[in-house]
Amino acid sequence: MVKVFIKGEKMSRKLLEVKGLAKDFGGLRALNGVDFYIQEGEIFSIIGPNGSGKTTLFNVITGFHPATKGKVIFGGEDITNLKPFTIAQKGIARTFQLTAVFAQQSVIDNLIVGHRLRIGAGLWSILWGSRRTRAEEERCREKAEEILAFIEMTRQRNTISGNLTQEAQKRLSIGMALATDPKLLLLDEPTGGVNFQEISSLIALIGKIKEKNITLGLIEHKMKVAMDIPDRVMVLNYGQKITEGSPGEVCRDKRVIEAYLGKNYAA
Amino acid sequence: MEKEVRLFSIRRLIYLLLLILALSLPLYVTSRFFLHILIMCCIWGIAATSMNLIMGYTGQVNLAHGGFFGIGAYSAGLLMLKLGFNFWPALILACIITVFLGFLIGLLALRTKGSYFAIGTMCFNVIVTVIIENWEDLTEGARGLLGIPRPSSIPLPFGLEISFSSMASNYYLVLFFLFLTILLISRIVRSMMGRTFMAIRGNEELSESLGISAMRAKLLSFLISTFFAALAGVLYASYIGFLSPEISDYHVTFELLIYCLIGGLGTMAGPLIGAFILTVVSELLHGVPFPRLVAYGFLLVVITIFLRGGIVGGARLLWSRYSLKGKR
């Protein structure tokens, strides 16, 4: 009884809550009344066929697209339609489906700028060359070194990031998101465009992030990733939530099989 | 690691030598003509360095820079001639006025991106020139402003003073401001703020996802570059003593752009090298009937095809090839 109570207490700590979220692009309804929540400390996965609105959902949560209707609540605070940089400052970091890094700069420089939002860097103190500014820059450097070791890229420290492999760029982009000290990390297809052997190293990295007590939300296509690592899964189709539950429940769900494979397989 | 330290000190040595050279130049260059060229080099160097901050480091192609140069020059000229201001307060006020106008323009123009921003700012530049030409009550229009005074002398204790009547003293004045500009802009570029600007140049969307307010950073970069453009304009106005609307023309913008591109955008030394070389060449060819813009155009085509990074970029490429060979 006590055990259940404690579990219940834990369950109630919702880090992110999305209520009735809708997004229209002109006449196209990309999201239609999506409700879900992400609990603190879990890995929450969003799956669905192509064009079902997964990336749009991330874009609306992180402020890149304004929501047409509905609310996004993060840590008890309404963050609907705030600007992307404000949302990042509040503690939601994200990666992009098309891997985005600062291609002309070295790996370490990419990571240093990732911590920019946590320091002041005012114009006057920079022009004056004040000691505080130098201390802050030192902090960014330390953070970058820490992340560099965490994502296991110490050997590529000075490589220009445009020259990295796709897997390494994914790793770096996750590292940059981590450098912002997020509470919630949203990964848009962290294993997209990466070959089979390299996937397991990315999965290991995601596991390590969870151990650091950072809550994760991920969009995934690959069944191995989508079904093995998350605690809970939500399925989207045509902008609507079909179902939600543990990976085991979800992949037996009739409606999910129908959405992915068509009606004939659903029996 | 050892090599890095040694390279660093070589670099310092070069800077020191350049500084000594710049300071001692008037000792052996006594010709008024050559000192005039050096002064123009410094003024255009300030303007090109400031343009480099918004264009080279922040990646926003600001084609209104000549306009701000002109606004700075005209504000200072009008303050001194019509309101009887002293040079030094006029210098400060002109910079403030220009930054304020830059703030209004930047707020509007920076809502656009890429080539739209370039076109928008260029239109603004044209508008500035048209206003200066036609607002005759204030700016004297095409007749221009005549007789803008040189800086007033700075009194020192013991009855001494720094006066700006000789060419050499004017050279030291613009040299001082050139060093100040280089010092401050290189500080900005090396700081986290510079990293922020370069992040926006790299990928604006990604920067926003990392908690950087792109609009704020771009506006800041725009205003800092506007400030130094105005500074160059004021120095020009007071040194030449005469202003006509052409000084705010978009041709000025394109000349600055060419200085940056030829020297190397996004490097500290590039715009300076570009400004110095092209100013010297164009001043030396002043008497020769020579289609300067045609020559610039040709040079630009050659640079963009064969030497993308300008002179500094090319030198870096050579250096990295050379040091790679050394390793093997």
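**Figure 1. Contact between chain B and chain A in the predicted model.** In this view of the contact region, 19 residues of chain B are in contact with 28 residues of chain A. On the side of chain B that touches chain A, the elements that give two or more residues are helix 7 (167–190), helix 8 (192–202) and helix 9 (204–209) of chain B. Helix 8 of chain B gives the most to this side, contributing six residues.

**Figure 2. Residue types on the side of chain B that touches chain A.** When the residues of this side of chain B are divided by type, nine are nonpolar, seven are polar and three are charged.

**Figure 3. Confidence of the prediction.** Chain B averages a pLDDT of 88, and 96% of its residues score at least 70. The model as scored by the predictor has an ipTM of 0.88 and a pTM of 0.89.

**Figure 4. Fold and dimensions of chain A.** Chain A has eleven helices and ten strands, and its C-alpha atoms fill a box of roughly 70 × 50 × 40 Å, taken along the principal axes. Because a compact globule with 267 residues would have a radius of gyration near 18 Å, the 20 Å of chain A agrees with that expectation.

**Figure 5. Burial and sequence separation of contacts in chain A.** Of the 267 residues in chain A, 41% are buried. Among the contacts in chain A between residues at least 6 apart in sequence, 66% join residues at least 24 apart.

How values were computed: Residues numbered from 1 in each chain as written. Chains lettered and ligands numbered in written order. Predicted model: local features only at pLDDT ≥ 70, side-chain atom pairs only at ≥ 80, totals over all residues. pLDDT = per-residue confidence, 0-100. Contact = placed C-beta atoms within 7 Å. Helix = DSSP H or I, 4+ residues; strand = E, 2+ residues; numbered from the N terminus. Nonpolar A, V, L, I, M, F, W, Y, C, P; charged D, E, K, R; others polar. Rg over C-alpha atoms; globule rule 2.2 N^0.38 Å. Buried ≥ 20, exposed ≤ 12 C-beta atoms within 10 Å, placed from the backbone.
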